[in-house]
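Colleague: Before we discuss the details, please place the sequence and the model in front of us. I shall then put my questions in turn.

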Amino acid sequence: SMEALGDAMKELTAMMRGQQDYGAERVRSLAATIESHGGEALTRLFPKDSLDHPSEALPAIWSDWDRFSALSDQLSAYARALAAAADNPRPSGGAQGGMMGRGQGQGQGMMQGQGMMGGGMMGGGMMGGGQGPTAEMLAQMPPDGVFFHLADSCSACHQSFRKKQN
């Protein structure tokens with residue numbers, strides 16, 4: 001399940017960065033994959049104190065279950081919003097080099113660990129607590145912006161509930 005989420009996010013990231021052609025139908029398909037693995041489907045993967053291999057979960061999942069559950073639900077809701085926004089107009093050039101990553105001759109973007117995700121909103125702010133814009137609000141945005149919020153949701157969960165990678 002986590003691999004399916006990761007694969008979908010990687011493909012969406014490439015689209016949003018302009019490294020792969022943007023396709024609204026493909027965005028909807030990938031968003032549906034993410035939605036189906038979020039919410040209760042995600043929380044069911046973590047029965048109380050299940051820290052055995054191959055889990056990369058921290059005990060914090062169970063000590064802060066309400067937040068973990070809220071982020072899991074948010075993941076599904078934001079994936080639905082992305083699917084709804086897939087046909088919305090996109091900024092010219094997408095988010096390449098801006099919020100989503102490093103463009104030609106530009107500095108590091110927010111998806112690379114700076115800005116809102118690196119400590120602003122993510123580090124205990126709006127997204128860090130499982131709060132944020134509603135899926136209905138997001139569905140009115142360009143898909144690039146919705147994807148940013150979706151990725152922020154993933155990052156908030158990983159930051160608090162996943163063992164650090166070597």
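**Salt bridges and helix packing**

Colleague: What is the relative accessible area of R28?

Modeller: R28 is partly exposed, a class lying between buried (under 20% relative accessible area) and exposed (over 50%), with a 1.4 Å probe and protein chains only. For R28 the relative accessible area is 25%.

Colleague: On what basis are such values given, and how many salt bridges are there?

Modeller: This is a predicted model, in which local features need pLDDT of at least 70 and side-chain atom pairs count only at pLDDT 80 or more, while totals for chains, interfaces and linings use all residues. Residues are numbered from 1 along each chain as its sequence is written, and side-chain values use heavy atoms, leaving out hydrogens and water. A salt bridge requires a side-chain nitrogen of Lys or Arg within 4 Å of a carboxyl oxygen of Asp or Glu. By this rule the count of salt bridges is 6.

Colleague: Which residue forms a salt bridge with R28?

Modeller: The closest N and O atoms of the pair are 3.0 Å apart. The partners are 3 residues apart in helix α2, about one helical turn; helices here are DSSP runs (H or I, at least four residues), numbered from the N terminus. The partner is exposed, with a relative accessible area of 56%. R28 therefore pairs, about one helical turn away, with E25.

Colleague: Which residues make up the network of salt bridges?

Modeller: R28 and E25 form a salt bridge. They belong to a network whose members are E25, R28 and D87.

Colleague: How far apart in sequence are the parts that R80 and E35 tie together?

Modeller: R80 forms a salt bridge with E35, with 3.2 Å between the closest N and O atoms. R80 lies in helix α5 (residues 65–85) and E35 in helix α2, so the pair ties together parts whose separation in sequence is 45 residues.

Colleague: At what angle do helices α1 and α8 pack?

Modeller: Helix α1 covers residues 2–16 and helix α8 residues 143–161, and their axes are 11 Å apart. Axes are lines fitted to C-alpha atoms over the stretch in contact, and angles run from 0 to 180 degrees between N-to-C directions. Residues in contact have heavy atoms within 4.5 Å; M9, L12, T13 and M16 of α1 meet P143, D144, F147, L150, A151 and C154 of α8. The packing angle is about 145°.

Colleague: What percentage of the residues count as buried?

Modeller: The protein has 166 residues, and its secondary structure comes to 8 helices and 0 strands. The buried share is 42%.

Methods: Helices (H or I, at least four residues) and strands (E, at least two) are DSSP runs, numbered from the N terminus.
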